[in-house]
Amino acid sequence: IIFKINEAIIREWDEIKIYDNLTRIFAGFVQTIDGENAGGGTRVDATLGCADYACYLDHVFVLHQWTTPITDAAILQYLFATYWPFIETSTYVSALKTYSRIRFNRLTLRQVLDQLAEAAGGDWYIDYDNSLHFFYSSINPAPFGLSSTPDMTATMPFGNMVKNQDGSGIVNRVEVGGGKYLSDNTTIYIQGTGQDKRALL
């Protein structure tokens, strides 16, 4: 909540930074402004709805292709330098995968990041100092564990954990058609242990 908003001009997509003393604890853009006249006087207070820098990624569309080998880090550095140079991409962006050729046809920057991260088994985020992080999540674990008896240093508490299971994609029969000629029907049994991930045809 911002008090006495009538003493400041705040608009949608203004950049906002929040500090705890000298530590920046949030940065991003104003998304919504709900103004309220306080007590019927001239003072106007407002509740701001804000999102971090990543919200802007949905509004930046890219169109580019590479026909020679290039790493995902080089792709991201080029695209951000070209389409949104406000974000720093040299410090925390790691090269996870190399592509022989790749094309982005009017995708948002968020879609590009999601596509590259998923293909490489990585993850990404934009920090409050407007730097992009692109990395293998498996080699960047949290500096603490979770425990029902935490020591608040090496382990932290957790609660209200909900485990979601979805069996809608489970099948017990798959029919594969294709090839250059019609062969005899062949049945391959795979145990439902989750260990066999492929069937040799």
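# A walk around two helices and a three-stranded sheet

Start by selecting helix H2, residues 109-120: its twelve residues reach 17 Å from first C-alpha to last, close to the 16 Å expected at 1.5 Å a residue. Keep in mind as you go that this is a predicted model.

**Stop 1: the sides of H2**

With H2 still selected, show its side chains and pick out Leu 109, Val 112, Leu 113, Leu 116, Ala 117 and Ala 120, which are the buried residues of this helix. They cover an arc of only 120° around the axis, which puts them on the same side of H2. The spacing has a familiar background: an α-helix has 3.6 residues a turn, so residues three or four places apart point the same way.

What do the buried residues of H2 pack against? Add strand E4 (61-66), helix H1, strand E7 (98-99), strand E8 (102-108), E9 and E10 to your view, and you have the full set of packing partners. Then step just past the end of H2 to Gly 121, where phi is positive at about 70°.

**Stop 2: the open sheet**

Now zoom out a little and colour three strands in the order E6-E10-E9: together they form an open sheet with mixed pairing. Strand E6 (88-93) and E9 are the edges, each with a single partner strand, so one side of each has no neighbour in the sheet. On average, and with direction ignored, neighbouring strands here are turned by 25° against each other.

Take the two pairings one at a time. E6 and E10 run parallel and are joined over three bridges. E9 and strand E10 (residues 131-135), on the other hand, are antiparallel, with four bridges.

A good residue to centre on is His 133 in E10. Tyr 92 stands opposite His 133, and Tyr 125 stands opposite His 133 as well.

**Stop 3: the E9-E10 hairpin**

Select E9, residues 123-126, and compare its faces: Trp 124 and Ile 126 are on the covered face, while Asp 123 and Tyr 125 are on the uncovered one. Follow the chain onward and you come to the turn of a hairpin, with four residues between E9 and E10.

Within that turn, click on Asn 130. Its phi is positive, at about 50°, although Asn 130 is not a glycine. Is Asn 130 buried or exposed? At 18% relative accessibility, Asn 130 counts as buried, the cut-off being under 20%.

For a second residue with positive phi, jump to Arg 106 in strand E8. Arg 106 is not a glycine either, yet has a positive phi of about 60°. Arg 106 has 57% relative accessibility and counts as exposed.

**Stop 4: helices across the strands**

Bring both helices back into view. H2 lies across E9 and E10 and runs at about 150° to E9. Helix H1 (residues 72-83) lies across E6 and E10, at about 155° to E6.

H1 also has twelve residues, and reaches 16 Å from its first C-alpha to its last, close to the 16 Å expected at 1.5 Å a residue. Select Asp 72, Ala 73, Ile 75, Leu 76, Leu 79 and Phe 80 to see its buried residues. Look down the axis of H1: these residues fall within an arc of 160°, so they line one face of the helix.

**Stop 5: two serines in loops**

Next, find Ser 94 in the loop between E6 and E7. Ser 94 has 34% relative accessibility and counts as partly exposed. Show what surrounds Ser 94: beyond its neighbours within four places in sequence, its contacts are Asp 72, Ala 73 and Phe 134. You can also draw a C-alpha to C-alpha distance from Ser 94 to Gly 122, which comes to 9.7 Å for two residues 28 apart in sequence.

The other serine is Ser 147, in the loop between strand E11 (145-146) and strand E12 (155-156). Ser 147 is buried, with a relative accessible area of 16%. Its side chain reaches the backbone nitrogen of Thr 149 at 3.0 Å. Setting aside neighbours within four places in sequence, Ser 147 is in contact with Thr 155, Met 156, Pro 157 and Phe 158.

**Last stop: the whole chain**

Finally, reset the view. The chain holds two helices and twelve strands, arranged from the N terminus as β-β-β-β-β-α-β-β-β-α-β-β-β-β. Colour by burial and 25% of the 201 residues count as buried. Among contacts between residues at least 6 apart in sequence, 52% join residues at least 24 apart.

Methods. Residues numbered from 1 in each chain as written. Predicted model: local features only at pLDDT ≥ 70, side-chain atom pairs only at ≥ 80, totals over all residues. Heavy atoms only, no water. Buried < 20%, exposed > 50% of the residue type's maximum accessible area, 1.4 Å probe, protein only. Pairing = 2+ DSSP bridges. Polar contact = N/O pair within 3.5 Å; in protein donor to acceptor, adjacent residues only side chain to side chain. Contact = heavy atoms within 4.5 Å. Axes fitted to C-alpha atoms, helices over the stretch in contact; angles between N-to-C directions. Expected span 1.5 Å × (residues − 1). Arc of directions from axis to C-beta.
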